[in-house]
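Student: I've just opened this one and don't know where to begin. Pick a residue and walk me through from there, please.

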Amino acid sequence: MVFRMNQNDSRLMIQTPGRILGVSALALTFAAGLAQPARAQQAAPAPAPAPAAAAQTPQVQMAQPQAERAVVNRIVVRGNQRIDQTTVLSYLPIQPGDTIDAVTIDVAVRTLSRTGLFADVQIGLQANGDLIVEIAENPIINQVTFEGNKALAEKKLRDEVTIRPRGIYTRARVQEDVGKIVELYRLSGRISATVTPKLVQLEQNRVDVVFEIDEGPETGIAAVTFLGNTAFSDSDLRQVMVTKQSAWWRLFSSNDNYDPNRIDYDREQLRKFYTNRGYYDFRILSSVAELKPDNSAFGVTVTVDEGDRYNFGEIKVVTENDRLNADFLQMLLPIRSGDLYESDRIQAAVDTLTFAAGSAGYAFVEINPTYRADPETDTVNVTFNVREGQRVYIDRINVVGNTRTLDSVIRRELMVGEGDAFNRSLVERSRNNLRALGFFKDVKIEETRGSAPDRSVVNVTVEEQPTGELSVGAGFSSVDSFVLNLGITERNFRGRGQNVVARAEWGSLRQQIDFRFTEPKFLGRDVRAGFDLFHMRYDLSKYSSYDYRSTGGGVRVTYPLNGYASFSARYFLKDDEVVIPFGYCGGVGAGSSALCDQAGSYINSSAGYTLVVNRLNDPVRPTRGWSASLRQDFAGIGGDVNYIKTEADASWYYGIRPNWVVSVQGQTGYVSGWNGDPIRINDRFFKGGNTFRGFETAGMGARDLTTTDALGGNFYAIGTVELTVPNYLPDEYGIKTSLFADFGTIGKLDDRYLVDPATGLRNPNIVDELSLRAAAGVSIHWRSPMGPIRFDLSKVLSKEDYDKTETFRFSTSTQF
């Protein structure tokens, strides 16, 4: 007889030639002195057929109950090769001197089996008290290989499986990996794929694991049809679904392969689509996928019950007590009685109420909307039940995930501190502050209950991203033609949040070298300070016949006025030089004084300030809010140049839908000389190109008709209306599309440049009209592997005859 525990049967059994006895019989046999081993995982070979006489029911001699237990004198481990005996004993729940029985041995066998280290475990107690633990170790995996895979790369399969070379082989893990591989193929549209694991036995108890894969055919979607839909066509509903019908142009998409999980997701998308358009009681009665006879594709049929179209009825907010004013909260709701029912607006209302309660210090408010539909009037009455809880104070702030950035750098951006009353609006602003740093790929701020009901713990979890960049590149654009650049940037120098930039760039239009350093918390205060050193050269001979060179440096300081506004002051000293081509200012057809008077080198010593107000909801991709800035520079603190330059701009964003965002922007500027000085050409404004689409760089404004040189202007005003629209491309492509309209004017040179110095009369070759310019078109922003790129297609709607226009432009983008 053999004590055996099969891995598929939780009972411990005794096998005799004629009968299998249960645990109670085992105890009697054990007491009778039988010391055969107990087995785990591996069944014993079936006994040979017994003679007919032996087939009779065996007689089992009953032992006295007091003999059912025995004492272990010594534990002997056999069969171990690479696993040390002490390791085996550490897992064994039996020690010398313990009194054991059949149940104890059963537990010991199961305990050793669950370690995954052993292919077979047998435990038996000899008559002298020695407990024999006979083990067979699981083999070591030498290598894992895949055969038959063509549709999926081997790397993708290796990333999916859990077994690894030099790991321990177990059947359970291999079967688990088989399931993962099959699921991977199913998600790629090959639902008939099969995987067969095979073992190649090697010496020294090693094995090679081979997954033999039969990928089967790719199963597509032949058709997606709908039954019961009257409000929306099949085509409209197919646009809602992620699952697409197979087509030849969907070469790089897997959404046209059959995936049951994707079908379930599409059911939810259809429900959202209908309930966001008033169909409160919309239901999907069935979604059936039928395989074609040739097993090449599925036909998906979705049966729907649209129901009636509902409006919002009575909208109420109910609070438990007066700590939160129900009437005030109801005023904040983005829902009004009579509006078309939209399920997303319910969630938006819950978010609004949660944010309002959090701003009042109630961090753990519970809001449960209840619905009451009235089919007779086709209205849905919604009641928002608000449970305030206690006013909450911040017990502790934990910062998690920062492996490089110092805790102090993160904490100084938080608008709340330990001991403060919890305020959700300040928490959201803290999150925006951290995102605006650009140090982190993701920022999450969550609150959990603290040491008391009125205490909370704020957990700030950040995922760091590379902040240093060494860029060496070459490019081509319609602005700069060929461009070479080399740059070193570190936005989080030494993890202290300091910004260091060293850059060199050479192109047909501009060449520059600059170095910038910024300390965000100067002297430990909430003051941003830094300095700049630069040398630049602009070759503007293509647009206006001169070169501009500037060498200098400056210091700057910025400090916040409040949570939304900041004030910056700066001082710059630079040497500006304007180079005119030889012979340009003399002879017939010579250039005008508006350009010729600018030749030479001048020292520019200027001080200025910038006032910024930012009320955008997101610093990177705003969908609501506005921002504005005012900038002034005063030149003439010493030096050779005297002017006052003023610029202002404002922008406003409004998200109609998540992928539909309207923005309105306006900017204006004016520069005027003092102490009798005119405005030099390098200090004037030039617009066009990236600053006014549809016109070439410096393509609008005052111009010398004799030489076609752009002369810029002392004044400009530009407005932009832009609508970001969905392009239905996957987000991973990084492409954003917008429609735009730019309009404005530029001009107003100093009077001396409008007069012919020879005659004292108005020079007819100098044109300077403050007339309207306008253009409209499409902009495509692409976050390409080479960096952000913008494509502009424009149609000029209003211009002057002497303006220079363009229909297409592509260039690097400064913001995406």
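Student: What is the relative accessible area of Arg271?
Tutor: There are three classes: buried is under 20% relative accessible area, exposed is over 50%, and partly exposed is in between (1.4 Å probe, protein chains only). Arg271 goes in the partly exposed class, as its relative accessible area is 34%.

Student: Before we go on, what kind of model is this?
Tutor: Residues are numbered from 1 along each chain as its sequence is written, and side-chain values use heavy atoms, with hydrogens and water left out. Local features need pLDDT of at least 70, side-chain atom pairs count only at pLDDT 80 or more, and totals for chains, interfaces and linings use all residues; what you have is a predicted model.

Student: Back to Arg271, then. Which side chain does Arg271 meet in a salt bridge?
Tutor: A salt bridge puts a side-chain nitrogen of Lys or Arg within 4 Å of a carboxyl oxygen of Asp or Glu. Here the N to O distance is 2.7 Å. The two residues sit three apart in helix 7 (residues 260-275), so about one helical turn separates them. The partner, itself partly exposed at 31%, is Glu268.

Student: And which residues join Glu342 in a network?
Tutor: Glu342 meets Arg345 in a salt bridge, at 3.9 Å from N to O, and both residues are buried. Shared partners link these salt bridges into one network, where Glu342 is joined by Arg345, Asp339 and Arg657.

Student: How many salt bridges turn up in the whole structure?
Tutor: One of them is the pair Asp792 and Arg790, at 3.0 Å from N to O, and both of those residues are buried. Searching the whole structure gives a total of 28.

Student: Let's do sheets. Which strands stand at the edges of the sheet ordered 19-21-20?
Tutor: Strands are DSSP runs (E, at least two residues) and so are helices (H or I, at least four), numbered from the N terminus; two strands pair if DSSP finds at least two bridges between them. This sheet is open, with mixed pairing. An edge strand has a single partner, so one side is left without a neighbour in the sheet. That describes strand 19 (393-400) and strand 20 (440-449).

Student: Which residue is the bridge partner of Asn398?
Tutor: Strand 19 and strand 21 (residues 455-464) run parallel and share seven bridges. In strand 21, the partner of Asn398 is Asn459.

Student: How many bridges join strand 35 to strand 36?
Tutor: Strand 35 (residues 715-725) also runs antiparallel to strand 32 (residues 660-673), with 10 bridges, and there Val661 stands opposite Thr724. With strand 36 (residues 735-747), Phe715 faces Gly747. That pairing is antiparallel too, and its bridges number 11.

Student: What about the surface: which elements give two or more residues to the nonpolar patch?
Tutor: Patch residues have over 30% relative accessible area and no salt bridge; nonpolar side chains (Val, Leu, Ile, Met, Phe, Trp, Tyr) are joined within 5 Å, like charges within 9 Å. This patch has about 800 Å² of accessible area (Shrake-Rupley method, 1.4 Å probe) and includes Phe515, Leu533 and Tyr571. Tyr571 is partly exposed at 31%. The contributing elements are strand 26 (528-539) and strand 28 (565-579).

Student: Last one: how many helices and strands are there?
Tutor: The protein has 816 residues, and 42% of them are buried. Its secondary structure comes to 12 helices and 40 strands.
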